Amino acid sequence: MMAQPVNEWERRLYLAAHPVGYPFLRTLARIGPVVRVPSVGVVVNDAALAREVLLDGETFRKDGPGSSGALWTPVLGPSVLLNMEGAAHHELRRRLAGLFTPGSAEQICSDVLAGQSADLGSRLASGAAVDLVEVARAAAGAVICALIGLDGGRGREMVDDGERITAMIGLRTRAMSLAQQDSARAVLGGITASAATAYQAAGTTTVVGRMRGLDLSEEEAVGAAAAFFLTGTETVATFVPRLIALLCDTGELDRVSASPDELLDPAIDEALRVTTPSPAMLRSVAAPGRVGRIKVRSGDRIVLATHNCARALGPFDLDRPHPPELRHLWFGAGPHFCIGYPLAMAEIRTLARTVLAHTPLRVVRRAATRGVLIPTYRILEVARS
Ligand code: HEM
């Protein structure tokens, strides 16, 4: 098979997901660090400027018009972290701080994913072609089920449900239609009902149950569970196959599998930079000011094009360090930095380590999914070579 140009498949995934929006977004990156685009907003393509915006939660907010909060508040209510600001947000984050430590996240994953990892390992060892898309979706679904106390068997279908909700959102979406809100609520109803039961049971076996011990009200705990589902399922499920495909395409899989303790985390970080599973972040301007050379007014919508910021460094390169302004930008920065970061890393490591233990591997079949928010493989089959 001919070697793929670096990142070629990543480009195909983005184009399948956003045939018009992606070329447009990449063109904006060439125009300048900050660009005002009618009917889209002020688009930021530069990592240092994006970080400045993220760190200034007073001026650039997630609860104003055009922000992601505005998209989700009609569906989730007003207090679900990702649409909160100021003291209330700070206080809820403080109470949730101990929820996902690196240790507890590793424990959740080793408990929940032990069976699936063992099955993945034995299928790879047998020489069978394994679809990593199915594997990663089942795993991400099982983890979210465990957080909210749902039967893990429903996890796989929940990932599809989540994808249908986020597929309603594009670069220009400022609000969901009433029909879209209804279908989002119908899907989320299953999550919130189960989260409410886990909260009332108040045990320590589910993360939502533990939230009661952290003094969260039922409404706050159920809202947090819905936010975890929306932000923490598809991102992880889509990323794992992209990581392995990138390592295969760049010829780095064997090197990482020879020294996983040293190279796996840098490989994950670099693949997150190239893929940016959350390709953009939205803010609403609360007071007049500037972003770089562009003046902004109250009510302006800011689109932080994480993907453009991250891609400015070039194609996948495991040996190139990330400059400070880029550090973990794909998980955000400042007050809204991804609360699920330790859990995401633990899930990714658990699956990646199993795959890496069965190299050499090659991609035997793959295809991209069309019309989704987060670019993804529809199928990515790998087999021992
Ligand atoms: C590779 C996987 C993931 C990526 C790339 C990712 C990315 C992000 C980003 C960029 C933000 C900040 C958004 C902004 O500032 O506008 C964020 C916030 C958030 N993430 Fe993640 N995330 C991932 C996995 C997870 C997981 C596994 C969970 C939980 C189970 C999670 C839960 C959240 C929540 C609740 C927020 C909102 C935090 C707040 O507003 O205070 N994420 N994530």
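In the predicted model, helix α7 comprises 17 residues, 132-148, and reaches 24 Å from its first C-alpha to its last, close to the 24 Å expected at 1.5 Å a residue. Of these 17 residues, 14 are buried, so α7 is largely enclosed by the rest of the structure. The N-terminal end of the helix is capped by Asp131, a side-chain oxygen of which lies 3.0 Å from the backbone nitrogen of Val133. Just after α7, Gly149 takes a positive phi of about 80°.

A side-chain contact is also present in helix α8, residues 155-166, where Thr166 is located. The side chain of Thr166 reaches the backbone oxygen of Glu163 at a distance of 3.3 Å. Thr166 counts as buried, because its relative accessibility is 6% and the limit for burial is under 20%. An α-helix has 3.6 residues a turn, so residues three or four places apart point the same way.

The ligand is surrounded by 23 residues, of which the closest are His89, Arg93, Arg283, His336 and Cys338. By class, this shell consists of 12 nonpolar, 8 polar and 3 charged residues. Oxygen atoms of the ligand take part in several polar contacts. A side-chain N or O atom of Arg283 is 2.7 Å from a ligand oxygen, and a polar side-chain atom of Lys62 lies 2.8 Å from an oxygen atom of the ligand. For Leu81 the contact involves the backbone, with an N or O atom 3.4 Å from a ligand oxygen. Two or more residues of the shell are given by each of the elements α5 (86-96), α11, α12 (234-249), β5 and α16. Among the elements, α11 gives the most, with 3 residues.

Aromatic contacts were examined next. A search of the whole structure finds 6 aromatic pairs. One of them is formed by Phe331 and Tyr341, which meet edge-to-face, at 4.8 Å centre to centre and with 75° between the planes. The pair links distant parts of the chain, with Phe331 in the loop between α15 (306-311) and α16, and Tyr341 in helix α16, 10 residues apart. Phe331 is buried, with a relative accessible area of 11%, whereas Tyr341 counts as partly exposed at 21% relative accessibility. The two residues fall on either side of the limit for burial, because buried means under 20% relative accessible area. Ring pairs link Phe331, Phe337 and Tyr341 into a cluster. A ring also takes part in a contact with a charged group: the charged end of Arg12 sits over the ring of Trp9, 4.3 Å from its centre.

Several backbone features were then considered. Most residues other than glycine have a negative phi, and most peptide bonds are trans. Asp215 has a positive phi of about 70° although it is not a glycine. Asp215 is found in the loop between α10 (207-213) and α11 (218-232), and it counts as exposed at 61% relative accessibility. Thr276 likewise has a positive phi, near 40°, in a residue other than glycine. This threonine, Thr276, is found in the loop between α14 (260-275) and β5 (281-285). Thr276 is buried, with a relative accessible area of 0%, whereas Asp215 is exposed. A cis peptide bond, with omega about 0°, joins Thr359 and Pro360. Pro360 lies in the loop between α16 (341-356) and β9 (361-368).

A further residue, Asp254, is placed in helix α13, residues 253-258. Asp254 is partly exposed, with a relative accessible area of 44%. The C-alpha atoms of Asp254 and Asn45 are separated by 33 Å, and the two residues are 209 residues apart along the chain.

Notes
Residues numbered from 1 in each chain as written. Heavy atoms only, no water. Helix = DSSP H or I, 4+ residues; strand = E, 2+ residues; numbered from the N terminus. Buried < 20%, exposed > 50% of the residue type's maximum accessible area, 1.4 Å probe, protein only. Near = heavy atom within 4 Å. Polar contact = N/O pair within 3.5 Å; in protein donor to acceptor, adjacent residues only side chain to side chain. Nonpolar A, V, L, I, M, F, W, Y, C, P; charged D, E, K, R; others polar. Phe/Tyr/Trp six-rings, centres within 6.5 Å; stacked < 30°, edge-to-face > 60°. Lys NZ or Arg CZ within 6 Å of the ring centre and 35° of its normal. Expected span 1.5 Å × (residues − 1).
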